[in-house]
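These are my notebook entries on a structure I went through strand by strand. I record below what I looked up and what I found.

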Amino acid sequence: MSCASKTCIAAIFTVFVSAQDFSEVKFDKLAQAYRFPEGPAWSKEGYLLFSDIPSDRILKWVPGHDIEVFRTDAHGPSGNAFDSEGRLYTCETRAGRVTRTDKKGKIEVLAEKWEGKRFNAPSHIAVGKNGNAYFTDPAFGAQQDRRELDFYGVYHIPPKGPVTLVAKPTGRPNGIALSPNGRTLYVANSDERNVRAYDVDKNGDTSGERVLIPKIDGVPGGIGVDEKGNLYIAAKGVAVYSAEGKPIHVIEMRDAVSDCAFGESDYKSLIITARGVVYRARLDGKGAN
């Protein structure tokens, strides 16, 4: 089910890039034989967490060691993120809520209802350096049958005060990320196959909704961001776009990709969750941290 880094299986995928970029990227398999990995998130304490939704677990990888179980009975965990204090935020699809876990393991529910109705199935979450958090609330498959809300939403959890609604898109919002300076929020829409951008002010409030990237090839899921503001979108492979929405390159992969994030001590590893597998690629550029 897992492998130590020294025994990881190398796999090479072709990368179509512009002249100044790589000609190929080499991947290691960090873990395999999982059912549906999602939500990779790197802790500055030196480890990676990712969810396996069907098995109801969050898994942990420390470089040089085997994969271990971080949490069981995790209420259908999907997206994960760490804040500047090292606290873990998790979208729990089955419980319809977002939780935060402190360094001592205490779990706090941050969001579970909107206007008295339970959220659909929170999917992905992004947390800014100032403590503002944003999550998407779509519904896929059987989740549609138990919905209490009649819309899909994007929400803001401020450091203090109630949860607010950012947007009610027609299609299902999925991946979400912030720019390195925290001034732009990005939301992938799996039905519309685009990425929308929102301006974020000093209070964390959003405005200026616009389609930044239209007509994405494949169904967009999670989003990673590097230190230059480039977007890495899990779709048909991993599509890389500039902060202005211009295509840079596409990392083609054999497996259906669900999410991606940067990690390891130098933030030069791109971690990709795919169908049953978690990959790691070493890149020249660094992820935003």
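**Entry 1: strand 8 and its partners.** I began with a cross-strand pair and noted that threonine 90 stands opposite threonine 99 in strand 9. The model is a predicted one. I then looked up the pairing around these residues: strand 8 and strand 9 (residues 97–101) run antiparallel and are joined by 5 bridges. The two strands form a hairpin with 4 residues between them, and in this hairpin glycine 96 has a positive phi near 65 degrees.

I turned next to the partner of strand 8 in the other hairpin I looked up. Strand 7 (residues 77–82) is joined to strand 8 by 4 bridges, and this pair also runs antiparallel. Here I found alanine 81 opposite tyrosine 89 of strand 8. The hairpin of strand 7 and strand 8 has 5 residues between its strands, and glycine 86 in the turn takes a positive phi of about 85 degrees.

I asked how many residues of strand 8 are buried. For residues 88–92 I recorded 5 of 5 as buried, so the strand is mostly covered. I also noted the directions of the residues: Leu88, Thr90 and Glu92 point one way from strand 8, whereas Tyr89 and Cys91 point the other way. Residues of both groups are buried.

**Entry 2: the sheet of strands 17 to 20.** I looked up the strand order and found an open sheet of 4 strands, 17-18-19-20, with antiparallel pairing. Strand 17 (173–178) and strand 20 (206–213) stand at the edges; each has a single partner strand, so one side of each lacks a neighbour in the sheet. Neighbouring strands of this sheet are turned against each other by 25 degrees on average, direction ignored. I noted for reference that strands of a sheet pair through backbone hydrogen bonds.

I then examined one pair within this sheet. Strand 19 and strand 20 pair in the antiparallel sense over 5 bridges. Valine 200 stands opposite threonine 206 in strand 20.

**Entry 3: arginine 196.** I located arginine 196 in strand 19 (residues 194–200). Is arginine 196 buried or exposed? I recorded a relative accessible area of 18%, which is under the 20% cut-off, and therefore entered arginine 196 as buried.

I next asked which side chains make polar contacts with the side chain of arginine 196, and I noted two glutamates. The side chains of arginine 196 and glutamate 192 are joined by a polar contact of 2.4 Å. The side chain of glutamate 209 makes a polar contact of 2.9 Å with that of arginine 196. Leaving out residues up to four places away in sequence, I listed the residues that arginine 196 touches: Leu185, Tyr186, Val187, Glu209, Arg210, Val211 and Leu212.

**Entry 4: aspartate 205.** I found aspartate 205 in the loop between strand 19 and strand 20. Its relative accessible area is 39%, and I therefore entered aspartate 205 as partly exposed. Beyond its neighbours within four places in sequence, aspartate 205 is in contact with His156, Asp199 and Val200. I also checked aspartate 205 against proline 158: the two are 47 residues apart in sequence, and their C-alpha atoms are 8.9 Å apart in space.

**Entry 5: confidence.** I closed with the pLDDT values. The chain has a mean pLDDT of 91, and 92% of its residues reach 70 or more. Over residues 1–22 pLDDT stays under 50, and for this stretch the model has 69 contacts beyond four places in sequence.

Definitions and conventions: Residues numbered from 1 in each chain as written. Predicted model: local features only at pLDDT ≥ 70, side-chain atom pairs only at ≥ 80, totals over all residues. Heavy atoms only, no water. Buried < 20%, exposed > 50% of the residue type's maximum accessible area, 1.4 Å probe, protein only. Polar contact = N/O pair within 3.5 Å; in protein donor to acceptor, adjacent residues only side chain to side chain. Contact = heavy atoms within 4.5 Å. pLDDT = per-residue confidence, 0-100. Pairing = 2+ DSSP bridges. Axes fitted to C-alpha atoms, helices over the stretch in contact; angles between N-to-C directions.
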